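This briefing covers the overall fold, one strand and its partners, and the main pocket. Please look over the sequence and the model before reading on.

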Amino acid sequence: QVQLVESGGGLVQAGGSLRLSCVASGIIISINSMGWYRQAPGKQRELVARIFSGGSTNYADFVKGRFTISRDNAKNTVYLQMNSLKPEDTAVYFCNAVQWSDYWGQGTQVTVSS
């Protein structure tokens, strides 16, 4: 079992920045990748960014150049640095880990005001 705890969400004005953190605990060996997803009201959950065990990353087109995913293996933590935030980035952001199963955090709310 893997437990994921997100933090760092909040309210920010358009153009501002936030950094989300996701701490993994439990049986964290053989985690293939970790990622950030988001879900806005009335919409499906969508991938924002993912980082693989080898260090490669991929991003949704709508965040390229604005968001950066990174990790600190010593702290079992994955980060999502979000810059140039837009009102349409408003959503609950979820951390995900892929191991033998998919694991999810409880989510953290990000609200961007115009």
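Which residue in β11 does Tyr-93 stand opposite? The residue opposite Tyr-93 is Thr-108 in β11. The model is a predicted one, and the points below describe its chain as a whole, then strand β9, then the largest pocket.

**Overall fold**

- The protein chain contains 11 strands and 0 helices.
- Read from the N terminus, the order of elements is β-β-β-β-β-β-β-β-β-β-β.
- The C-alpha trace spans about 40 × 25 × 20 Å along its principal axes.
- The radius of gyration of the protein chain is 13 Å, which agrees with a compact globule, because a globule of 114 residues would have a value near 13 Å.
- Of the 114 residues, 41% count as buried.
- Taking contacts between residues at least 6 apart in sequence, 52% join residues at least 24 apart.

**Strand β9 and its partners**

- Strand β9 covers residues 91-98 and is mostly covered, with 6 of its 8 residues buried.
- β9 pairs with β4 in the antiparallel sense, over 7 bridges.
- Within that part of the model, Val-92 in β9 is the bridge partner of Gln-39.
- β9 also pairs with strand β11, residues 108-113, in the antiparallel sense over 3 bridges.
- Strand β10, residues 102-104, runs antiparallel to β9 and is joined to β9 by 3 bridges.
- Trp-104 in β10 is the bridge partner of Asn-96.
- β9 and β10 make a hairpin, and 3 residues lie between the two strands.
- As general background, side chains in a regular strand alternate between the two faces of the sheet.

**Largest pocket**

- The volume of the largest pocket is about 230 Å³.
- Four elements each give two or more residues to the lining of the largest pocket: β4 (33-39), β5 (46-52), β7 (67-72) and β8 (77-82).
- The lining of the largest pocket has 15 residues, and those nearest the centre are Ile-31, Met-34, Arg-71, Asn-73 and Val-78.
- By class, 7 of the lining residues are nonpolar, 6 are polar and 2 are charged.
- β4 appears in both topics, as an element that gives two or more residues to the pocket lining and as an antiparallel partner of β9.

Key. Residues are numbered from 1 along each chain as its sequence is written. This is a predicted model: local features need pLDDT of at least 70, side-chain atom pairs count only at pLDDT 80 or more; totals for chains, interfaces and linings use all residues. Side-chain values use heavy atoms; hydrogens and water are left out. On a 1 Å grid over the protein atoms alone, a cavity is a set of points where a 1.4 Å probe fits but cannot get out, and a pocket is an open set with protein on both sides within 12 Å along at least five of seven lines; lining residues have an atom within 4 Å of a point. Grid points are joined across faces, edges and corners, and a volume is the space filled by probe spheres set on the points. Ala, Val, Leu, Ile, Met, Phe, Trp, Tyr, Cys and Pro count as nonpolar, Asp, Glu, Lys and Arg as charged, and the others, Gly among them, as polar. Buried means under 20% relative accessible area, exposed over 50%, partly exposed in between (1.4 Å probe, protein chains only). Two strands pair if DSSP finds at least two bridges between them. The radius of gyration is taken over C-alpha atoms; the globule rule is 2.2 Å times the number of residues to the power 0.38. Contact means heavy atoms within 4.5 Å.
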